[in-house]
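Grab the model, open your viewer and work through these exercises with me. Each has a task and a step-by-step solution.

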Amino acid sequence: MDYTLKPIVYENQFIIWLRDTFPEWSENDIDDVLDVILDDQSYTEVYFINNDEDLSLVDEDEREIFANVNRVYAELRNAFCDTDYISMLVCRGW
């Protein structure tokens with residue numbers, strides 16, 4: 001897979017974007033979203049097209065977390081709506 005053909009951001013840039021885009025979220029909300037979206041690897045390809053979470057399948061306790069994840073995907077689709085991008089690469093480190 002060729003990762004040079006998609007947007008690439010560092011994890012800290014992604015976190016700053018989350019804070020700026022969703023200022024009402026607490027740090028715990030952001031951490032919960034990051035736990036769902038990012039793996040524990042040095043990089044994660046985040047698909048924001050056709051990757052929304054089915055809220056009917058999640059526990060009631062986790063519904064808000066996954067609803068927030070879907071909000072992130074929606075914002076990414078909005079940001080890249082005039083492009084052909086369906087994903088971005090978030091790097092935790094090289």
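For the patch exercise you need this: patches are made of residues with over 30% relative accessible area and no salt bridge, with like charges joined within 9 Å and nonpolar side chains (Val, Leu, Ile, Met, Phe, Trp, Tyr) within 5 Å. Accessible areas come from the Shrake-Rupley method with a 1.4 Å probe, and for residues only the protein chains shown count as cover. A salt bridge is a side-chain nitrogen of Lys or Arg within 4 Å of a carboxyl oxygen of Asp or Glu.

This is a predicted model, where local features need pLDDT of at least 70 and side-chain atom pairs count only at pLDDT 80 or more, while totals for chains, interfaces and linings use all residues. Residues are numbered from 1 along each chain as its sequence is written, and side-chain values use heavy atoms, with hydrogens and water left out.

**Exercise 1. Find the residues that make the nonpolar surface patch of about 230 Å².**

Step 1: pick out Tyr-47, Ile-49 and Ile-86, which make up the patch.
Step 2: check Tyr-47, which has a relative accessible area of 31% and is partly exposed (buried is under 20%, exposed over 50%, partly exposed in between; 1.4 Å probe, protein chains only).
Step 3: place Tyr-47 in strand S2, residues 43-47 (helices, H or I, of at least four residues and strands, E, of at least two are DSSP runs, numbered from the N terminus).

**Exercise 2. Work out the strand order of the open sheet and say which strands stand at the edges.**

Step 1: read off the order of the 3 strands, S1-S3-S2, with mixed pairing.
Step 2: S1 (8-10) and S2 each have a single partner strand, so one side of each has no neighbour in the sheet.
Step 3: ignoring direction, neighbouring strands are turned by 30° against each other on average (axes are lines fitted to C-alpha atoms, for helices over the stretch in contact, and angles run from 0 to 180 degrees between N-to-C directions).
Step 4: split the mixed pairing into its parts. S1 runs parallel to S3 (residues 87-91) over 3 bridges, whereas S2 and S3 are antiparallel over 5 bridges (strands pair if DSSP finds at least two bridges between them).
Step 5: look at individual partners. Val-9 bridges to Val-90, Tyr-10 to Cys-91, and Tyr-47 stands opposite Ser-87.

**Exercise 3. Decide whether S3 is mostly covered or open, and check both faces.**

Step 1: count the buried residues of S3, and you get 5 of 5, so call the strand mostly covered.
Step 2: go face by face. Ser-87, Leu-89 and Cys-91 are buried on one side, and Met-88 and Val-90 on the other.
Step 3: cross over to Thr-44 in strand S2, which is buried at 6% relative accessible area. Leaving aside neighbours within four places in sequence, Thr-44 has contacts including Met-88, Leu-89 and Val-90 (contact means heavy atoms within 4.5 Å).

**Exercise 4. How many salt bridges does a search of the whole structure find, and where do Lys-6 and Glu-45 lie?**

Step 1: the search gives 6.
Step 2: one of them joins the side chains of Lys-6 and Glu-45 at 3.2 Å, N to O. Lys-6 lies in the segment before S1 and Glu-45 in S2, so the pair ties together parts 39 residues apart in sequence.
Step 3: check cover. Lys-6 and Glu-45 are both buried.
Step 4: now try Arg-19 and Glu-27, whose closest N and O atoms are 3.1 Å apart. Arg-19 is partly exposed at 38%, and Glu-27 is partly exposed at 41%.
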